[in-house]
Amino acid sequence: MKQEIDVLDFEDIERFNEDYFLTQKPVVIKGLADQKVAGKQWNIKYFKEKAGDLEVSVFDNTNKKSAKSAFTSPDLKMNFGDYLSIIQKDETTDLRIFGMRISKELPQLNSDFPCPSIFEGMLQNLGLMFFGGKNTTVRIHYDIDMSNVLLTHFGGKKKVVLVAPEYTNLLYCLPYCTYSLINLDKLDFVKYPGLKFIKTYECTLNHGDSIFMPSGYWHYMTYLEGSMSVSYRKLSPSIKTNLRGLMNITLLMPFDKLMGKTLGAKWLAAKENIAQKRADKAIRNLSFS
C-alpha cells in the first residue's frame with residue numbers, strides 16, 4: 001500500500017526540526033540545494049571537468065557476493081571520467097559508485113554543498129556521494145549505524161521507496177543484517193506473503209530535491225537517469241537508537257562477516273530460515289490484532 005509523502009518548501013524549512021526530525025517522519029524538501037553552488041551547477045559534465053582524472057572504486061550489481069554479508073566492497077577501479085561517460089548514456093548499466101567521501105576524494109567540491117544547517121551535528125563532515133546510470137538499483141536496506149539521512153539528488157531523476165521500521169519483520173530482514181533479499185520490483189506474494197501488509201512511501205527526486213530518511217527507515221532506490229546524490233547524516237534524537245547503531249557496527253556486523261566466511265552458503269540459508277519464521281509470526285500477530 002502506497003502512502004503520500006509530505007513535501008516541504010525551503011521557505012518553510014523552520015518547520016523541519018519540530019514536524020519531521022523530532023517526530024521521525026520522512027519528507028521531501030524542495031529548494032534546499034538551490035542555496036549553494038551544487039544546485040546551480042552540479043551535473044555529469046561539471047564532475048567530468050572538476051574531477052574526471054580521478055581513479056574511483058566502482059560496484060557492479062551483477063556481482064552477488066554481497067548477498068552473503070552486510071559488508072560490500074568495490075568490484076573494480078576505473079577512471080572517473082570514463083565512468084561518468086557510461087552513466088551519461090541513455091542505457092541501462094549495473095555499475096554504481098557507493099559512498100565516495102567528498103572531503104577525502106572530492107575536496108575541490110566540498111564547498112559546493114556543505115552540510116545544510118538543519119543537519120549540522122557530530123556527523124556533519126561525513127558527506128558521501130553516490131552515482132548511478134539508467135535503471136541502476138540499490139538493494140533495499142536500512143543504514144547500519146541507525147543515523148538519520150538527508151539525501152539530495154542532482155543531475156537527473158531517482159525513484160525512492162521508503163518503508164518504516166515497524167515493517168522490518170514483514171520485509172524478511174535477514175538477522176545480523178540490515179537488508180533483505182526481496183525484490184520490490186518483482187513482488188512475490190506467494191514466497192513472501194508478509195509483503196502484502198507493508199506500507200510504502202514512494203517519490204521521484206528531481207535535480208535539487210532532498211529527502212529526509214529517519215533512523216531505521218528502509219530504502220530502495222532506482223536511478224531513472226544517470227545522476228548523483230549526496231548524503232549527510234545526523235544522530236537519532238533517541239539514545240536507544242544510537243546505542244543500537246553502535247551495537248550493529250561493533251558487534252553484529254563483524255559477527256555476520258565471521259559466520260559468513262566460516263559457513264558460507266549454510267549461514268545465508270540459516271538466516272533466510274529465521275527471516276521466514278519471523279515474518280510468519282508477524283503475520284499471525286496481525287491476524288489476531
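The following paragraphs describe the two sheets of a predicted model, together with a helix that packs on one of them and several exposed residues in two further helices.

One open sheet is built from nine strands, which follow one another in the order 2-3-12-9-14-7-6-4-5 with mixed pairing. Its edges are occupied by strand 2 (6-9) and strand 5 (76-79); each of these has a single partner strand, so one side of each is left without a neighbour in the sheet. From one strand to the next, the twist of this sheet averages 30°. Within the order given, strand 3 (residues 27-30) and strand 12 (residues 210-213) run antiparallel and are joined by three bridges, and V27 has F212 of strand 12 as its bridge partner. Helix 4 (residues 80-88) packs on the nine-stranded sheet, where it touches strand 4 (55-60), strand 5, strand 6 (95-101), strand 7 (128-132) and strand 14 (227-234). The direction of helix 4 makes about 90° with that of strand 5, the strand that stands at one edge of the sheet.

A further open sheet comprises five strands in the order 1-11-10-13-8, and here too the pairing is mixed. Strand 1 (2-3) and strand 8 (136-141) stand at the edges of this five-stranded sheet, and because each has a single partner strand, one side of each is left without a neighbour in the sheet. In the case of strand 8, four bridges join it to strand 13 (residues 218-223), and the two strands run antiparallel. Within this pair, V138 stands opposite M221 of strand 13.

Beyond the sheets, exposed positions occur in helices 6 and 7. I239 belongs to helix 6, which spans residues 239-263, and is classed as exposed because its relative accessible area of 66% lies over the 50% cut-off. Together with L243 and L246, I239 forms a nonpolar patch on the surface, and the accessible area of these three residues amounts to about 330 Å² together. In helix 7, which covers residues 265-288, K277 has a relative accessible area of 55% and is likewise exposed. Although K277 and Y172 are 105 residues apart in sequence, their C-alpha atoms are 8.9 Å apart in space.

How values were computed. Residues numbered from 1 in each chain as written. Predicted model: local features only at pLDDT ≥ 70, side-chain atom pairs only at ≥ 80, totals over all residues. Heavy atoms only, no water. Pairing = 2+ DSSP bridges. Axes fitted to C-alpha atoms, helices over the stretch in contact; angles between N-to-C directions. Contact = heavy atoms within 4.5 Å. Patch = residues over 30% accessible without salt bridge, like charges linked within 9 Å, V, L, I, M, F, W, Y side chains within 5 Å. Areas by Shrake-Rupley, 256 points an atom, 1.4 Å probe, with all protein chains shown as cover. Salt bridge = Lys/Arg side-chain N within 4 Å of Asp/Glu carboxyl O. Buried < 20%, exposed > 50% of the residue type's maximum accessible area, 1.4 Å probe, protein only.
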